[in-house]
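Student: Please choose one part of this model and take me through it closely, keeping the rest of the protein in view as context. I would like the cut-offs behind each term as you go.

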Amino acid sequence: MDGWLWWIGGALVLAVVEMLSLDLVFIMLAGGAVAGGVTAAAGGPFWLQIVVACVVAVLLMITLRPWLLQNLRRRTDLVETNAAAQVGRMAVVVSDVTETGGRVKLSGEVWSARLVDDGLPNSSGLVPEGIEVRVVKIDGATAVVAPAGATSQNADGSV
């Protein structure tokens, strides 16, 4: 069996894997495999086929992949999912929340939570049960929250 068929078969397998992963890496490797197949069909030795396949794959990853990713991201909006989608949402305190811990109900689930550090050394940061809070960020499995009506105030009480 001719060597170029193995290269083309490998390129097809890599293309199928790319369809499942959608990160534009395997398709670049498939391009390298096609180049290796062309080298094999032209009668190049096996070591040259491998070198050509590797060089073409690396060149495609360095040049074509960033451009494709940039254009893909420009066309479609980034939709946050999983924990990142929780930032900015409102939650209800189910167990008093302090700067060290507590629990909130967020999107129907109970999350461990803590207050955002306001930078004041003697602040009595406590949000009692039943109060609404806004998720500022997600830190691991902990929702970092701030009281929903919290605004930054100056020392004289002005906003």
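Tutor: What follows begins with the model as a whole, turns to the second helix, and then moves out to the other parts.

This is a predicted model, in which local features need pLDDT of at least 70 and side-chain atom pairs count only at pLDDT 80 or more, while totals for chains, interfaces and linings use all residues. Residues are numbered from 1 along each chain as its sequence is written, and side-chain values use heavy atoms, with hydrogens and water left out.

The mean pLDDT (the predictor's confidence in each residue, from 0 to 100) is 84 for the protein, with 85% of its residues at 70 or more. Three helices and seven strands make up its elements, where helices (H or I, at least four residues) and strands (E, at least two) are DSSP runs numbered from the N terminus. Along the sequence they follow the pattern α-α-α-β-β-β-β-β-β-β.

Helix α2, residues 26–41, is the part to examine, since among the elements it has the highest mean pLDDT, 95, whereas strand β5 (residues 126–127) has the lowest, 82. Its 16 residues should span 22 Å at 1.5 Å a residue, and the end C-alpha atoms are indeed 22 Å apart, which agrees; the expected span is 1.5 Å times one less than the number of residues. The buried residues of α2 are Met28, Ala30, Gly32, Ala33, Ala35, Gly36, Gly37, Thr39 and Ala40, where buried means under 20% relative accessible area, exposed over 50%, and partly exposed in between (1.4 Å probe, protein chains only). These buried residues pack against α1 (3–21) and α3. For the protein as a whole, 24% of the 159 residues count as buried.

The backbone on either side of this helix also deserves attention. In the loop between α1 and α2, leucine 22 has a positive phi of about 55° although it is not a glycine. Most residues other than glycine have a negative phi. Leucine 22 counts as exposed, at 67% relative accessibility. Just after α2, glycine 43 takes a positive phi of about 95°.

Helix α3, one of the packing partners of α2, covers residues 46–75 and includes leucine 59. With a relative accessible area of 47%, leucine 59 is partly exposed, and together with Trp47, Val51 and Val55 it forms a nonpolar patch on the surface of about 410 Å² of accessible area. Patches are made of residues with over 30% relative accessible area and no salt bridge, like charges being joined within 9 Å and nonpolar side chains (Val, Leu, Ile, Met, Phe, Trp, Tyr) within 5 Å. Accessible areas come from the Shrake-Rupley method with a 1.4 Å probe, and for residues only the protein chains shown count as cover. The protein exposes about 10500 Å², of which carbon and sulfur atoms supply 63%.

Among the strands, valine 93 of strand β1 (residues 90–95) is buried, at 1% relative accessibility. Its contacts (heavy atoms within 4.5 Å), leaving aside neighbours within four places in sequence, include Arg103, Val104, Val127 and Val133. Isoleucine 131 is 38 residues from valine 93 in sequence, yet their C-alpha atoms are 5.6 Å apart.

The structure holds one salt bridge, defined as a side-chain nitrogen of Lys or Arg within 4 Å of a carboxyl oxygen of Asp or Glu. In that pair, aspartate 139 meets arginine 114, the closest N and O atoms being 2.6 Å apart. Aspartate 139 lies in strand β6 (residues 132–139) and arginine 114 in strand β4 (residues 109–115), so the pair ties together parts that are 25 residues apart in sequence. Aspartate 139 is partly exposed at 40%, and arginine 114 is partly exposed at 23%.

One caution remains for residues 151–159, over which pLDDT stays under 50 and for which the model has four contacts beyond four places in sequence. Where pLDDT is low, the predicted coordinates should not be read in detail.
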